[in-house]
Amino acid sequence: MTQLHRTKSIPFEDDLMNESTDERRLSRLKWVPTSNAKLNKAEERLLKAADTEVKKGHVKLKSGDLIWTVIANNRSTYNTPLVMVHGLGGGTGLWVLNFGGLSSNRAVYTFDVLGFGQSSRPKFSKKCDKSEDQFITSIEEWREALNIEHIILLGHSFGGYLSAGYALKYPERVKSLILVDPWGFEGFTERMQEAPGWVRCILAMFSCCACNPLFLVRGAGPAGPRLVRKTREDFRQRYKVVTEEDKHAVHNYIYHCNAANPSGEEGFRSLTENTMFPINPMLERIGNLHRDIPLVFIYGADSWVGAAAGKETQKILPDNDVKVFNLEGAAHHVYADQPQKFHEIVNNACDECDLRGL
């Protein structure tokens, strides 16, 4: 049985991004009706549904940037903590269905990626390599600020790309890597060979306008919240534990995560070509992953991502322990579509990691 020690002290910064009364009044007059306070309130609404207690606050980096952090079970244990990195347009609140299921034997750390959610929104370089390094360095500075020696790193979608990049740059910190429907493994050419003609046309249009991926959320102005509700009705079904009490709770959170300054989106766009595909695909680099780092891919059988990259990685890394799971009844948001199966796979991977460390 896991031995639990005292609760760890978390170096949260208090109220550094709170708005004044005047700012809140001005937010009501904005074309884009969002604010830090509204985002915080929307996340609070989601986290009330978590089936375990969570701690939350800002962690200050050496750069001066702030990273919004939510932690479940921050008691010290002998088990390696799990760190989860959300995808493009997401945030810590979307892990609400997973905190309890993954934190019974270890601490679970989540954070809003730099440029997203309640974290700082700095200016990103327009150069691919520099932008990627900004994202990854912020994760390392966050780890240092929290004094976490080793981690099990889990990333979803764009967070999977960043997690793989982090493991390549800081292999001594990563005990295990779990990639959930990861974006960015295959490049434009590979994916376009599989895509129907209408998809190619849409991507070509986005590429020509050089828009940020979620520009419509902001461009819709006061109609933005309604646009999110109409275009992503699937989230209401995924998060029934929340939406049965407040049917707009998840959509409000997603809206406020993405309606403010698109700093993170601009950083993401610096990494891409033709809008949605990476300039430096991870498949071309994953062969450099340290042989001692086990790798788990978890895909949704109904996702647009597809499991081909995971299977190809098994061939690229014959000396690593690489497992690929393809969950039926799940699309891109595997962790919310099939949370119980997701928890089983992740907990098994974490337990195996702990056993290897004995």
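**Two cores and two unusual loop residues**

Start at isoleucine 286. Beyond its neighbours within four places in sequence, this residue is in contact with Ala164, Phe185, Leu295, Thr313, Ile316 and Leu317. The model is predicted, and these contacts come from it.

Now widen the view. Ile286 belongs to the largest nonpolar core, which holds 50 residues. Five members touch the most others: Trp142, Phe158, Phe185, Ile286 and Leu295. Where does this core draw at least two residues from a strand or helix? Among the strands, strand 4 (66-72), strand 6 (82-85), strand 7 (108-111), strand 8 (151-156), strand 9 (174-180) and strand 12 (295-300) each do so. Helix 4 (128-146) and helix 5 (158-169) each supply at least two residues as well.

There is also a second core, separate from the largest one, with 48 residues. Val54, Trp95, Ile298 and Tyr335 are included in it.

Next, look at the backbone. Most residues other than glycine have a negative phi. Two residues here depart from that pattern.

One is asparagine 73, which is not a glycine yet has a positive phi of about 55°. Find it in the loop between strand 4 and strand 5 (75-77). Is asparagine 73 buried or exposed? It is buried, because its relative accessible area is 8%, and buried means under 20%.

The other is serine 157. Its phi is positive too, near 55°. Serine 157 sits in the loop between strand 8 and helix 5. With a relative accessible area of 8%, serine 157 is buried.

Key. Residues are numbered from 1 along each chain as its sequence is written. This is a predicted model: local features need pLDDT of at least 70, side-chain atom pairs count only at pLDDT 80 or more; totals for chains, interfaces and linings use all residues. Side-chain values use heavy atoms; hydrogens and water are left out. A nonpolar core is a set of buried Ala, Val, Leu, Ile, Met, Phe, Trp, Tyr and Cys residues joined through side-chain atoms within 4.5 Å. Buried means under 20% relative accessible area, exposed over 50%, partly exposed in between (1.4 Å probe, protein chains only). Helices (H or I, at least four residues) and strands (E, at least two) are DSSP runs, numbered from the N terminus. Contact means heavy atoms within 4.5 Å.
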